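Reader: I am new to this structure and would like a close look at a single part, the place where the ligand sits. Please take me through it slowly, and then through the strands and loops that can be described along with it.

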Amino acid sequence: MHNQTKLISILSEGGFHSGEALGARLGVSRTAVWKTIKKLSEYGLDIHSVRGKGYRLSHAIELLDAGNILEETGKKCQSRIAEIDVFLKHSSTNAWLMAKASPEPDKGHVCFAEMQTEGRGRRGRKWVSPFGENLYLSILWQFPADPQMLSGLGLALSVAIVRALDELGVHDVGLKWPNDVIWNKRKLAGILVEMVAESTGPCRVVMGVGLNINFQSSASQQIDQPWVDLKTILGRTPSRNKIAGVVLRHLLNVIILYEQRGLAPFIEEWRNHDAYKGQRVDILMYKNNISGICEGIDNMGALQVRSGNGPIQKFTSGEISLRGRPAPEQ
Ligand code: ATP
């Protein structure tokens with residue numbers, strides 16, 4: 001285990017730990033302990049240092065651990081994981097996997113990070129990713145299909161998150177086309193699908209998920225829309241490794257079925273959680289916006305909007321954003 005990881009685990013036991021005691025447990029000098037502590041502060045960890053007493057972490061952190069995650073994921077899904085990496089800090093788990101070689105067919109390369117410095121959403125937007133508070137995970141998978149067949153993949157993955165949340169005790173989750181998981185109109189999780197398509201042959205796809213578990217740091221102030229975390233919804237924080245394993249299992253099961261049958265097996269479930277169907281919405285496009293009533297998704301996963309008395313317009317491109325708007329006053 002990495003010394004930084006070990007140090008966080010020891011400090012998470014609670015209370016003060018002297019530099020000497022920490023050095024003895026890590027098998028390093030007090031100076032080396034001090035240097036590692038300094039490094040941890042770069043992660044935004046709140047470590048108190050009191051002369052004569054030592055170091056103390058302001059709150060315990062359950063670090064992600066590949067072994068614990070895999071245990072929760074279960075045997076069947078384990079066989080679909082070619083590699084699993086857990087980083088303390090990364091720029092972006094999606095970006096990292098985009099640069100990796102494809103895993104063997106029917107298997108995924110999985111990557112978790114405790115913190116992302118450049119976590120990303122769609123179209124260059126930022127995913128706020130402080131250390132040890134939430135879940136940031138990506139999966140690299142090679143699909144034999146052509147890119148068009150993958151247009152509904154993000155919707156299917158949203159269904160995977162709904163199922164995972166249901167297993168974790170959150171039952172009233174909504175979906176916002178194309179990639180947001182919301183609760184009470186507040187954003188709980190986001191999905192980012194990125195792909196590198198060959199003109200012929202398989203398509204390399206990286207699927208990223210950010211799920212808020214327990215936002216404690218001031219980093220949450222960077223989020224410019226209503227958001228929520230599992231702690232707020234459940235009133236408690238389930239084990240992070242359990243959440244990671246449950247989410248990973250549902251994602252893998254959906255990916256495997258999507259590869260065989262596309263979006264069809266997930267359409268009804270997506271519709272059951274559609275948070276905007278029948279509501280007045282704005283569709284934000286590159287140049288002009290339209291507003292209308294959201295008519296849900298069609299069988300291909302395209303968003304349908306009726307504007308005035310006109311025909312239904314369909315949107316398939318990820319280059320638009322849907323925004324709810326309050327109904328006009330009577
Ligand atoms: P769209 O409807 O186009 O998907 P979006 O605003 O939800 O729009 P995304 O690219 O899906 O955009 O996600 C990025 C946005 O999510 C950020 O601009 C920010 O508003 C919000 N955001 C960033 N980090 C978090 C987070 N940890 N939890 C919830 N929301 C976040």
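Author: A polar contact, as the term is used here, is a pair of N or O atoms within 3.5 Å. With that cut-off in mind, and remembering that this is a predicted model, we can begin with R125, which has a polar side-chain atom 2.7 Å from an oxygen atom of the ligand. Two further pairs involve nitrogen atoms of the ligand: a backbone N or O atom of V128 lies 2.9 Å from one such atom, and an N or O atom in the side chain of N212 is 2.8 Å from a nitrogen atom of the ligand. Taken on its own, the ligand has 610 Å² of accessible area, and the protein covers 96% of this.

The surroundings of the ligand consist of 18 residues, of which R122, K176, K187, D224 and S321 are the closest. Sorted by class, this shell has eight charged residues, together with five polar and five nonpolar ones.

One of those closest residues, K176, leads us to a pair of strands, since its bridge partner is D180 in strand 7. Strand 6, residues 174–176, runs antiparallel to strand 7 and is joined to it by three bridges, and the two strands form a hairpin with three residues between them. In the loop between strand 6 and strand 7 we find P178, and the peptide bond that leads from W177 to P178 is cis, with omega near 0°. In a regular strand, side chains alternate between the two faces of the sheet. Strand 7, residues 180–183, is covered on both faces, with D180 and I182 buried on one side and V181 and W183 buried on the other.

Another of the closest residues, S321, brings us to D282, because S321 is among the residues that D282 contacts when its neighbours within four places in sequence are left aside, the others being I290, S291, L322, R323 and R325. D282 itself lies in strand 10, residues 280–284, and it counts as buried because its relative accessibility is 18%, where the limit for that class is under 20%.

From here we can turn to strand 5, residues 135–143, which is largely enclosed by the rest of the structure, because eight of its nine residues are buried. Strand 5 has antiparallel pairings with two strands: five bridges join it to strand 4, and nine bridges join it to strand 9, residues 203–211. Within the pairing with strand 4, A113 has Y136 of strand 5 as its bridge partner, while L140 stands opposite V206 in strand 9.

The loop between strand 4 and strand 5 holds R123, whose phi is positive, at about 50°, although it is not a glycine. With a relative accessibility of 38%, R123 counts as partly exposed. A comparable description can be given for D106, which is placed in the loop between helix 6 and strand 4: its phi is near 70°, a positive value in a residue other than glycine, and at 37% relative accessibility D106 counts as partly exposed.

Terms used:
Residues numbered from 1 in each chain as written. Predicted model: local features only at pLDDT ≥ 70, side-chain atom pairs only at ≥ 80, totals over all residues. Heavy atoms only, no water. Near = heavy atom within 4 Å. Polar contact = N/O pair within 3.5 Å; in protein donor to acceptor, adjacent residues only side chain to side chain. Areas by Shrake-Rupley, 256 points an atom, 1.4 Å probe, with all protein chains shown as cover. Nonpolar A, V, L, I, M, F, W, Y, C, P; charged D, E, K, R; others polar. Buried < 20%, exposed > 50% of the residue type's maximum accessible area, 1.4 Å probe, protein only. Helix = DSSP H or I, 4+ residues; strand = E, 2+ residues; numbered from the N terminus. Pairing = 2+ DSSP bridges. Contact = heavy atoms within 4.5 Å.
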